[in-house]
Every structure is written in structure tokens, then in C-alpha cells.
Amino acid sequence: FYRGGRWLSLTFLVMEVSAMAGTVINRGNNKWELRISLGYDAQGKQIRRSKRVTATSMRAAKKALDEFYLEITAMPQGGEEKMLFEDFVALWDKRHNVKKAISTRMMQMGIINGRIMDAFHGQRLGDITGEQIRRFVDRLKYDVRTPQARTEDGRLSETMVHKHFRLVKHLFNKAVDWKYLSRNPCEDIPRDEWPKPNYHHYPVWEEEDLRKFLLIVEELPNYPRNLKHKAMFYLALLTGARKSELIALTWSDIDWKNSMVHITKAQKYVNSRHVEISAPKTVESVRSVYVDEYVLDLLRRHRENQQKYLQNKGYENPHGYVFLAVRLRNGEIVPEAPNSFAGWLKGLAKENGLPHITVHSLRHMAATYALNHGAALTTVQSMLGHTNIRTTSIYLHPLDKQKRETAKIMSGRLQALREDTDIEE
């Protein structure tokens with residue numbers, strides 16, 4: 001500026017202060033710039049809102065920043081709500097879904113690209129209402145277009161309807177988190193109208209059926225195939241390991257000294273030609289489980305058979321898989337096919353007149369028998385690798401023997417009360 005017959009320069013000190021709601025920048029002369037970040041746009045660029053205000057102090061500027069934050073987050077900003085639903089899904093897949101296991105990612109995109117995209121394709125994100133979502137759920141209950149997850153009368157199962165709704169709700173939650181929407185429209189649907197899952201209860205054997213099967217297994221000839229599947233059976237029944245986790249086991253996971261098996265990976269189905277071995281579904285699924293000497297002996301004998309097989313065929317097992325497929329895939333040794341063990345278990349049960357069970361039934365039986373014989377629920381949760389103890393409760397099945405014993409206990413207690421023989425003086 002010009003003063004006293006000459007030009008003088010004045011440099012302002014620009015002070016930037018970050019607050020919880022955003023950033024305050026001092027522009028001098030009681031002028032302040034307020035900046036707030038609102039997430040990212042469809043191209044992954046940061047969305048930022050700014051405003052110039054007059055304030056006599058930093059404290060007043062921060063207060064203005066809080067008011068500005070409340071003002072702009074009360075409703076969708078600057079047209080982000082105009083983003084098309086399919087464009088947001090693409091962004092979600094790039095920013096969030098890509099972090100999931102490939103099998104989970106493909107499953108979720110399969111659901112989205114089917115009925116969900118059919119229902120909301122071409123609509124702007126901010127125009128989708130709770131009523132539209134409610135009608136979408138109602139249509140799902142009567143959808144008979146594809147054979148997957150059907151009930152006996154041809155409709156989608158309650159669990160599959162729940163999966164669709166849960167994924168839609170998740171997508172809109174992310175839209176709120178990333179500041180594309182101010183509110184999830186699913187919240188406009190009364191909670192009692194939200195679809196609920198009806199989880200399939202896997203069949204489990206009563207103790208007498210299990211005893212019969214164990215005796216049958218003991219009498220089987222110790223052919224390599226029988227010994228391999230016998231080891232898989234006992235591992236699943238004793239530890240509750242998932243089928244995908246059993247298949248992915250390597251010899252380095254077997255802790256012979258401490259009688260433990262370390263579960264650190266799982267096989268994940270991608271398509272008919274490709275599977276991947278990667279980390280299990282959750283952090284909690286990475287765990288160590290104890291086994292007994294009986295199982296360790298089965299594994300030792302199975303390893304001897306495997307070594308002879310590899311030597312005779314001239315094959316290598318570079319990854320050290322515990323359970324190998326009989327046939328090569330693309331010229332390489334691969335883990336056991338999931339259906340092979342399942343076929344052995346199903347066939348042996350059917351031949352001997354035992355009720356039908358699945359490989360996953362063994363996981364349910366591991367939890368059920370452990371709890372019915374005194375194990376703590378939290379211990380079983382850890383053994384199964386569950387994140388939520390409520391999930392563990394789904395795996396619990398009442399056994400007839402325990403129900404009879406419970407009835408006997410209650411009967412004795414009631415009799416004591418009737419006869420007044422249990423009253424302290």
C-alpha cells in the first residue's frame with residue numbers, strides 16, 4: 001500500500017487451525033475461511049465446502065465452523081444426491097468391496113447386479129425412498145425368477161430376502177458415511193417390517209447315531225482314501241473347523257509338539273475353474289485349536305501315505321497341503337475337492353442307515369457336544385472363530401439325552417417342593 005510518499009508491502013500471517021468439524025483459516029482483518037470435507041465423489045476426488053465469515057476471535061470462528069458444519073450436513077450437498085445408484089455402487093465396489101475376499105466380493109456383486117440393480121438402476125441416489133425399498137422387499141418375497149435359495153413353494157427364502165435388504169441398507173449406510181446422503185432411507189421403514197433371516201438348521205446326530213458312526217469308521221480298511229477322510233472327519237468334529245479351512249491346511253499348520261492345529265487360511269470358491277487360498281473370512285477366524293493324540297496319529301499315518309503317493313507319481317507338493325486331490329488341475333497338485341469328503345461322509349451314512357448330515361453339520365456338532373458337556377460359550381466361540389457370540393448360539397442344538405436329563409432334574413426338583421423336603425429350617 002502507499003504511505004508517506006512510498007509503496008510499502010504488508011505480509012499477512014495466514015493461520016490455519018483444524019477443528020473437529022473441519023478447518024478454520026485466518027485471512028486477516030477478522031476474516032476467516034471455513035473448510036469442511038464431505039468425502040469423495042464418483043471419481044474418488046475429495047468433496048470440500050468452504051465459506052468466508054467475519055469473526056473477532058478464533059473462538060468465534062470455531063463456533064461459526066460448527067454452525068456451518070451443521071448447516072451443510074443437514075441435507076445432501078452440492079448435487080451429490082444426484083449421483084446415479086449404479087455409479088455409487090461402482091464407487092462402493094472400488095473403495096470398500098475391493099477390500100473383501102474375492103469370494104465375498106463376487107457374491108455381493110452377484111446379488112447387486114441381479115434384483116437390486118433391476119430395482120434401482122437409473123435412479124438418482126437421493127431420490128430412492130424408504131417406501132420404494134419396502135416395495136422392493138415385498139416383491140422379493142414372491143420372486144420366482146431363478147432357482148437359487150428357493151423355498152418349497154418356489155419363492156426366495158426368508159434368509160435370501162434378508163441378505164438383499166441387508167446389502168441395500170449397507171450401501172445406503174456407506175452413502176451416509178461418505179456424505180452423499182444425510183439419511184439412510186431404510187430407516188424410514190418400521191423396524192418390525194425389516195425382513196428377518198430364517199437360518200437353515202443343519203442336522204446333527206444324536207449321541208447314539210454318532211457312536212454307531214464312530215464304530216463304523218473304526219472298522220473301515222485303512223486305505224489311503226479312508227484314512228484321509230477319517231482324519232478330516234475327526235478334525236472337523238473335534239475342532240469345528242470349516243470345510244474350507246480343512247482343505248486349506250498345510251503341514252506347517254500342524255503343531256505336533258503342542259497338539260495344536262493353526263487355522264490361518266481358507267479355500268474360497270471363485271468359479272468352476274478357479275479357487276483361491278487366502279485369509280479366512282474374519283480376523284477371529286485366524287485361530288489355534290487343540291487336538292488329541294488320536295487325531296495326531298491319524299495325521300501321521302495319512303502323511304506317510306501321502307509321501308508314498310507323491311514319490312510313486314513323481315509329484316511335488318510345494319505348498320505342503322495336508323489333504324490333496326487325487327487328480328491334478330492344470331498340471332499342478334491342488335487341495336482336496338470339497339465334494340470329495342462330502343460324498344464320502346454322505347455315502348457312508350446312507351449305507352449304514354444313519355440320518356443325513358453334511359460336512360457343515362460336523363461344525364454344528366462340535367459346538368453342540370462341547371457345550372452340552374460343560375464347555376463355556378466363550379470358549380466355543382473362540383474355537384469356531386466367531387466374531388459375535390450370537391452367531392455361536394445359532395450352532396447350538398438340543399440333544400435328546402440332555403433334554404431327558406434336564407426334565408429329570410426338573411421333575412426331581414418339583415417333587416422335592418411338593419413333598420416339602422427341601423426347605424431349610
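What follows is a short dialogue on reading the sheet, cores, a helix and salt bridges in this predicted model.

Me: Before we start, what are the ground rules here?
Reply: This is a predicted model, so local features need pLDDT of at least 70, side-chain atom pairs count only at pLDDT 80 or more, and totals for chains, interfaces and linings use all residues. Residues are numbered from 1 along each chain as its sequence is written, and side-chain values use heavy atoms, with hydrogens and water left out.

Me: Let's take the sheet. In what order do the strands 7, 8 and 11 lie?
Reply: Generally, strands of a sheet pair through backbone hydrogen bonds, either parallel or antiparallel. Strands here are DSSP runs of E, at least two residues, and helices are runs of H or I, at least four residues, numbered from the N terminus. Two strands pair if DSSP finds at least two bridges between them. In this case three strands form an open, antiparallel sheet in the order 7-8-11. Strand 7 (254-255) and strand 11 (287-290) are at the edges with a single partner strand each, so one side of each has no neighbour in the sheet.

Me: How many bridges join strand 7 to strand 8?
Reply: Two bridges join strand 7 to strand 8 (residues 260-263), and the two run antiparallel. Look for Ile 254, which stands opposite Val 261 in strand 8.

Me: On to the interior. Which residues have the most contacts inside the largest nonpolar core?
Reply: In soluble globular proteins, nonpolar side chains tend to be buried together. A nonpolar core here is a set of buried Ala, Val, Leu, Ile, Met, Phe, Trp, Tyr and Cys residues joined through side-chain atoms within 4.5 Å. Buried means under 20% relative accessible area, exposed over 50%, and partly exposed in between (1.4 Å probe, protein chains only). The largest core has 47 residues, and Phe 233, Leu 235, Leu 299 and Leu 362 have the most contacts inside it. Among the elements that give two or more residues to this core are helix 6 (207-218), helix 7 (224-239), strand 8 and helix 9 (293-313). Helix 7 gives the largest share, eight residues.

Me: What is Leu 299 in contact with?
Reply: Contact means heavy atoms within 4.5 Å. Leaving aside neighbours within four places in sequence, the partners of Leu 299 include Leu 235, Trp 251, Ile 254 and Phe 323. There's also a second, separate core of 46 residues, which includes Val 89, Ile 111, Val 161 and Phe 165.

Me: Is helix 7 mostly covered or exposed?
Reply: Mostly covered: 13 of its 16 residues are buried. Helix 7 reaches 22 Å from first C-alpha to last, close to the 22 Å expected (1.5 Å times one less than its number of residues). Gly 240, with a positive phi near 75°, follows helix 7.

Me: Last one: how many salt bridges are found in the whole structure?
Reply: A salt bridge is a side-chain nitrogen of Lys or Arg within 4 Å of a carboxyl oxygen of Asp or Glu. The search finds 19 of them. Take Glu 131 and Arg 135, whose closest N and O atoms are 3.5 Å apart. They sit four residues apart in helix 4 (residues 130-140), so about one helical turn separates them. Glu 131 is partly exposed at 37%, and Arg 135 is partly exposed at 40%. Both belong to a salt-bridge network that links Glu 131, Arg 134, Arg 135, Asp 138 and Lys 141.
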